[in-house]
Every structure is written in C-alpha cells, then in structure tokens.
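Me: Can you walk me through this protein fold? I'd like to go one question at a time.

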Amino acid sequence: MQPPADKMAKGVGVVMAIDKTAGTITLDHDAIPEAGWPAMTMGFRAAPALLDGVAVGDKVAFDLKLHDGSGEVTAIAKR
C-alpha cells in the first residue's frame with residue numbers, strides 16, 4: 001500500500017522572518033483551505049535559494065507542498 005500523495009496548496013501572506021541557514025521562512029498567512037488551516041503565523045521549510053528574492057515585510061504569494069500536517073514552500077513571489 002502506497003502512502004498518500006503530498007497535496008499542494010497556495011497561500012498569501014507577509015514575510016515575518018527568514019533563516020537561510022536553517023532553510024526556513026515564517027509567514028503571517030491568510031487561511032489556506034487546502035490544508036484546513038485558519039489564518040495564522042507559522043514557519044515553513046524552504047530551499048535557501050527561494051528565500052533570496054524576498055525580505056521581511058514583503059507581501060507574498062506562495063505555493064506549499066503539504067505533508068503530515070506541515071508544509072514546505074516550493075515557490076514564492078512578491079505581490
């Protein structure tokens with residue numbers, strides 16, 4: 001039996017913190033219905049190269065790969 005496939009989701013929010021060394025970004029995001037998450041501030045894994053184009057305070061749109069109740073940012077762009 002195969003594990004369930006990862007789901008994809010889209011979100012919008014504001015960058016609150018970036019840690020390129022750890023490969024994480026903290027976003028204050030709107031509700032993400034695909035994940036069943038209300039609006040909140042939370043940290044996500046992200047490839048350090050994705051973090052080069054954004055800064056704390058930027059309004060962004062982002063794509064997430066959802067797995068086991070957490071998410072990884074797979075794309076991010078300023079709005």
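Me: How many bridges join β1 to β4?

Reply: Quick heads-up: this is a predicted model, where local features need pLDDT (the predictor's confidence in each residue, from 0 to 100) of at least 70, side-chain atom pairs count only at pLDDT 80 or more, and totals for chains, interfaces and linings use all residues. Residues are numbered from 1 along each chain as its sequence is written, and side-chain values use heavy atoms, leaving out hydrogens and water. Strands are DSSP runs (E, at least two residues), numbered from the N terminus, and two of them pair if DSSP finds at least two bridges between them. β1 and β4 run antiparallel, and the number of bridges joining them is eight.

Me: In what order do the strands of the closed barrel run?

Reply: There are five strands in this closed barrel, and their pairing is mixed. Going round, the order is β1-β2-β3-β5-β4.

Me: Is histidine 29 buried or exposed?

Reply: Histidine 29 sits in strand β2, residues 24-29. Buried means under 20% relative accessible area, exposed over 50%, and partly exposed in between (1.4 Å probe, protein chains only). Histidine 29 has a relative accessible area of 1%, so it's buried.

Me: Which element gives the largest share of the largest nonpolar core?

Reply: A nonpolar core is a set of buried Ala, Val, Leu, Ile, Met, Phe, Trp, Tyr and Cys residues joined through side-chain atoms within 4.5 Å. The largest one here has 17 residues, with Phe44 and Leu64 among those with the most contacts inside it. The largest share, four residues, comes from β4.
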